[in-house]
Amino acid sequence: GHYISVDTSYEGEKAVLSSPDLYSEEWSCVRLIYQIATTSDTSPDPARLNLYLRQEGESFDRLLWSAKEPSDSWLIASVDLMNSTKKYKLVLEGEMGQDKSTSIAVFEIKITSGYCIECDFEENHLCGYVNRWNPNVNWFVGGGNIRNSQSILPKDHTLNSPLGHYMYVDSVYVKHFQEVAQLISPKTTAPISGCLSFYYQLKQESSIVFTVYLRDMSGFYEEIWKTESALNADWALAEVDFNAPYPMEVIFEVAFNSAKGGYVALDDISFSPVYCSNQTGTPFNPANAGCNFEEDLCNFYQDHKDGPGWSRVKVKRNVYRAGDHTTGFGYYLLANTKFTSEPGYIGRLYGPTLPGNLQFCLRFYYALYGFFKMSGTLAVYIFEENHVVQEKIWSVLDSPKGVWTQAEISFKKPMPCKVVFVSWCKSFWDCGLVALDDVSLSLGSCQAADLLLPSPGECTFEKDECVFTQKKRGRGSWHRKRGPTPTSYTGPKGDHTTGVGYYMYIEASNMVYGQRAYLVSRSLRGTSGKQCLTFFYHMYGAGTGLLSVYLKKERDEEEIPLWRRTGEQSISWLRGLIEYESDTNYQIIFEAIRGVSIRSDTAIDDILFQAGPCLEVEEIQFSSGYPDSLNEIEY
């Protein structure tokens, strides 16, 4: 047969193969048979094969799957494609890296309707199901009129004929007590929940245990179905409710006790997005367990026995006291704002009830001001509802004062529980201020979430400059930095993403008054309809100059100004929103101009491009300094 491979003569280049326009209103599965072959053992910059989804109306491609592990045989990848009403293309990209001896090849790409975990075992790739090899007992393909074992079944279930195929495992080679054979499904790549069904036959002389597990990426097994006896000798249908909000594998496991055990056969695994039992429960939506406190406390609440521990506050833009994390001029929670006559205070903030037996990742931002002792300033407890068990899962160790710092915690509890934020201090003299903002909850562990593919069109500058490059003119340039900038009374103390990550800024002491620095995106795909650009900017320092954002369309000489700020704005990171449209390919340009003094470090972070109009509107697109008397710079 034929395969297609990447020409290796172009080092560091990318080879792109694009599908025709595709359209699928049904859920479908892309199967890719590929191989990355190399002769060298390790390479600092290995070759990669990436699969992207290019949707109509989106400026950015969404990365669906990526591989860089070399192998000496063909491998199969299965990727779920959620149903969509938009046309799309699939784009295969081969990145050569620095390794001359590598080759990337694709043997087959196939899109079938249905879910990737479904299989009738009629094709030789077995839908990406793999047997975990064991010296004695393994799952084999049966049927197809091959006389392959003494316990052969006369017919498969799919075609109901001797020519059809099924999977089976036989006890004839069992050497030890409790030998186990595992058949592992491809990993789910999109959240699914519903009914998993399959047909099986079980013939036993002595005890056999046939179990179905879910296994998440941290290796945690959850049993979802089990049988130890067969009702009849024919194919039996099994149905089980199945919930995979984050990537999981389904494992069919058979355990034997002796060589005379018997056999288990399996066929026609299928999935339906409707639960088998009459479960009408709506699946848990983690968005309801988060809050940015802009409107109210969302689903959080306080116990009035404690007194008012946490208050919702807002700080107007100013150059002395930091605002919230969400926008820089919105609301956040502050503990110990009411100075009471009591010696100390305690504030407890309860979250909504979370279902048990799910893996969660909790993220939030906190900032601390004016504490002498750090213990007890802020802690997170898990409160199990059925019996009053409180478990402390996180507490502040030490953090830079007054910087919004991100905390992330993974947890999983068997029973329904609540997250409780607790701040307390014993004596009034030790008490400072604790601020809390942007609480969010997602399914899956935080480590797994970090491994997930980044959302397209987002740049946090944590790893690199993403789609942006410098346009050098003179000495003015943007620098990627973490921590505070070198000059005092200007620039941020930490980044906006986590408080300890990276941002881009101009170093005013290396530039002269009026000098410009450009950060230019690569060419982005034009689309019909509005686009929304969100970013965070930091303009603190008495000599601050200008920050402008421009849109440059392909084949246009002119740059269209979209947004501008002049002069010192705030000591906080502020959110900028820009709505724009471009039906031709375009670039976005961030231009910073150095102001009158070295206190002119301007920074940006957390850039996000989204299709569709902005959900909120920024009052002013072009504004001068705040307040006017603070620093008068006009260009």
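1. Let's start with Q302. In this predicted model, the side chain of Q302 reaches the backbone oxygen of W310 at 2.8 Å. You'll find Q302 in strand β19, which covers residues 301–302. Is Q302 buried or exposed? With a relative accessibility of 19%, Q302 counts as buried, because the cut-off for buried is under 20%.

2. Strand β19 belongs to a bigger arrangement, so to speak: an open sheet of five strands, ordered β19-β22-β27-β24-β25, with antiparallel pairing. Which strands stand at the edges? They are β19 and β25 (389–395); each has a single partner strand, so one side of each is left without a neighbour in the sheet. On the β25 side, the pairing partner is β24 (residues 379–384), and six bridges link the two in the antiparallel sense. If you want one pair to look at there, V380 stands opposite W394 in β25.

3. Just ahead of that sheet, have a look at C298. This residue sits in the loop that runs between β18 (262–272) and β19. Its backbone is worth a check: C298 has a positive phi of about 55°, although C298 is not a glycine. C298 counts as partly exposed, because its relative accessibility is 36%.

4. A second residue of this kind is D606, where phi is near 50°, again a positive value in a residue other than glycine. Where is D606 placed? D606 is in strand β39, residues 602–611. D606 counts as buried, because its relative accessibility is 14%.

5. Now for another sheet. Five strands form an open sheet in the order β9-β12-β17-β14-β15, and the pairing is antiparallel. The edges are β9 (130–132) and β15 (221–227), each of which pairs on one side only. On average, neighbouring strands of this sheet are turned by 25° against each other, direction ignored. Strand β9 is joined to β12 (residues 179–184) by three bridges, and these two strands run antiparallel. To find the pairing by eye, start at N131, whose bridge partner in β12 is L183.

6. L183 turns up again in the list of what F252 touches. Setting aside residues up to four places away in sequence, F252 touches Y129, W139, A181, Q182, L183, F198, F210, T211, V212, L266 and I269. Two of these, W139 and F210, are also named with F252 among the residues that have the most contacts inside the largest nonpolar core; F364 and F421 are the others named. That core has 75 residues. At least three of its residues come from domain 2 (126–146 + 153–272), and at least three from domain 3 (286–451).

7. There is also a second, separate core, made of 31 residues; W478, M504, I506 and Y580 are among them. As background, nonpolar side chains tend to be buried together in soluble globular proteins.

8. Further along, strand β38 (residues 586–593) is mostly covered, with seven of its eight residues buried. What pairs with β38? Strand β33 (residues 516–521) is joined to β38 by five bridges, the two running antiparallel. Strand β35 (residues 546–553) pairs with β38 over eight bridges, also in the antiparallel sense. For landmarks, V520 stands opposite I589 in β38, and L547 stands opposite A592.

9. Back towards the start of the chain, try V30, in strand β3 (residues 28–37). V30 counts as buried, because its relative accessibility is 1%. What is V30 in contact with, leaving aside its neighbours within four places in sequence? The list is L51, A77, S78, V79, L81, L90, I109, K110, I111 and C116. The C-alpha atoms of V30 and T112 are separated by 6.6 Å, although the two residues are 82 apart along the chain.

10. Finally, the whole chain. How many helices and strands does the chain have? One helix and 40 strands. Of the 635 residues in the chain, 51% are buried. Take the contacts between residues at least 6 apart in sequence: 81% of them join residues at least 24 apart.

Note on methods:
Residues numbered from 1 in each chain as written. Predicted model: local features only at pLDDT ≥ 70, side-chain atom pairs only at ≥ 80, totals over all residues. Heavy atoms only, no water. Core = buried A, V, L, I, M, F, W, Y, C linked by side-chain atoms within 4.5 Å. Buried < 20%, exposed > 50% of the residue type's maximum accessible area, 1.4 Å probe, protein only. Domains from an automatic or database assignment. Contact = heavy atoms within 4.5 Å. Pairing = 2+ DSSP bridges. Helix = DSSP H or I, 4+ residues; strand = E, 2+ residues; numbered from the N terminus. Axes fitted to C-alpha atoms, helices over the stretch in contact; angles between N-to-C directions. Polar contact = N/O pair within 3.5 Å; in protein donor to acceptor, adjacent residues only side chain to side chain.
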